[in-house]
Amino acid sequence: MRTSGRLLSLAAALFTVSAAQAAEKGILIRASELKAQPFIDAATTERLAANQPLTILARQGGWMRVDSSGKAGWVRMLSVRLDAIARPAAGGASSPASASQLHTGSRGRTVTTGVKGMDEADIRASSIDLEQLAMLTTLAIEPAVASDHAAKQGIKENQVEYLKTSDR
């Protein structure tokens, strides 16, 4: 019985170590407030400096629960750059892109967040997919056809002037 208890304890310890090693790593890209809860109006527990390394513990909407130097709390996901080595596979359930409408405050306000997760290397390594581009061009219609359809639907044309540039 003692041997099985020791084996169980050893297995639990190994699981804890491997789970800690599997945690996502990131870095704070701008000075941020560490919040007690994942809401913009939650109490601030700490102020974190830019470039501070983080361990990501959980995600909820547009927020990440992080550990920074032994202090845990919530920061906005857009303030965190994921470590390229520890980044999860694209489109995974924990991907920041998996939710586009995010609750930001305890009063239920929402914000639309763009896709996050591409860094400069991803953009530089991207290429044009000519097959997809060709398929996209098949969806185009002639301007006259679009105007006729809009007129039948009661949609009126609206001209929008270009913004004037300032001489700053």
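This section describes the fold, strand pairing, salt bridges and surface of the protein. The model is predicted: local features require pLDDT of at least 70, side-chain atom pairs count only at pLDDT 80 or more, and totals for chains, interfaces and linings use all residues. Residues are numbered from 1 along each chain as its sequence is written, and side-chain values use heavy atoms, with hydrogens and water left out.

The protein contains four helices and nine strands. Both element types are DSSP runs numbered from the N terminus, helices being H or I with at least four residues and strands being E with at least two. Along the sequence, the order is α-β-β-β-β-β-β-β-β-β-α-α-α. Of the 168 residues, 20% count as buried. Here, buried means under 20% relative accessible area, exposed means over 50%, and partly exposed lies in between, with a 1.4 Å probe and protein chains only. About 13,100 Å² of the protein is exposed, and carbon and sulfur atoms supply 57% of that area. Accessible areas come from the Shrake-Rupley method with a 1.4 Å probe; for residues, only the protein chains shown count as cover. Contacts (heavy atoms within 4.5 Å) were also examined by sequence separation. Among those between residues at least 6 apart in sequence, 50% join residues at least 24 apart.

Strand 4 pairs with two other strands. Pairing requires that DSSP finds at least two bridges between the strands. Strand 1 (residues 24-28) runs antiparallel to strand 4, and four bridges join them. Within this pair, Ile27 has Pro53 of strand 4 as its bridge partner. Strand 5 (residues 63-68) is also antiparallel to strand 4, through five bridges. Ile56 is partnered there by Val66 in strand 5. Strands 4 and 5 form a hairpin with two residues between them. Gly61, in the turn, has a positive phi of about 60 degrees.

Arg59 lies in strand 4 (residues 53-60). Arg59 is partly exposed, with a relative accessible area of 25%. Its side chain makes a polar contact with the side chain of Glu24, at 2.7 Å. A polar contact is a pair of N or O atoms within 3.5 Å; within protein, one must be able to donate a hydrogen and the other to accept it, and residues adjacent in sequence count only if both atoms are side-chain atoms. The C-alpha atoms of Arg59 and Arg76 are 9.8 Å apart, while the two residues are 17 residues apart along the chain.

The structure holds four salt bridges. A salt bridge is a side-chain nitrogen of Lys or Arg within 4 Å of a carboxyl oxygen of Asp or Glu. Glu33 takes part in two of the bridges described here. With Lys35, the closest N and O atoms are 3.1 Å apart. Lys35 is buried, at a relative accessible area of 7%. Glu33 is partly exposed, at 31%. With Arg47, the closest N and O atoms of the Glu33 bridge are 2.7 Å apart. Arg47 lies in strand 3 (residues 44-48) and Glu33 in strand 2 (residues 32-35), so this pair ties together parts that are 14 residues apart in sequence. Arg47 is exposed, with a relative accessible area of 62%.

Lys71 forms a salt bridge with Glu46, the closest N and O atoms being 3.3 Å apart. This pair links distant parts of the chain: Lys71 is in strand 6 (residues 71-76) and Glu46 in strand 3, 25 residues apart. Lys71 is partly exposed at 40% relative accessibility. Glu46 is likewise partly exposed, at 28%. Through shared partners, salt bridges join Glu33, Lys35 and Arg47 into one network.

The surface around helix 3 was examined next. Helix 3 is hardly covered: zero of its eight residues are buried. At its N-terminal end, Asp129 acts as a cap, with a side-chain oxygen 3.2 Å from the backbone nitrogen of Glu131. Ile128 sits in the loop between helix 2 (120-125) and helix 3 (130-137). Ile128 is exposed, with a relative accessible area of 67%. Together, Ile128, Leu130, Leu133, Leu136 and Leu139 make a nonpolar surface patch of about 570 Å². Patches are made of residues with over 30% relative accessible area and no salt bridge; like charges are joined within 9 Å, and nonpolar side chains (Val, Leu, Ile, Met, Phe, Trp, Tyr) within 5 Å.
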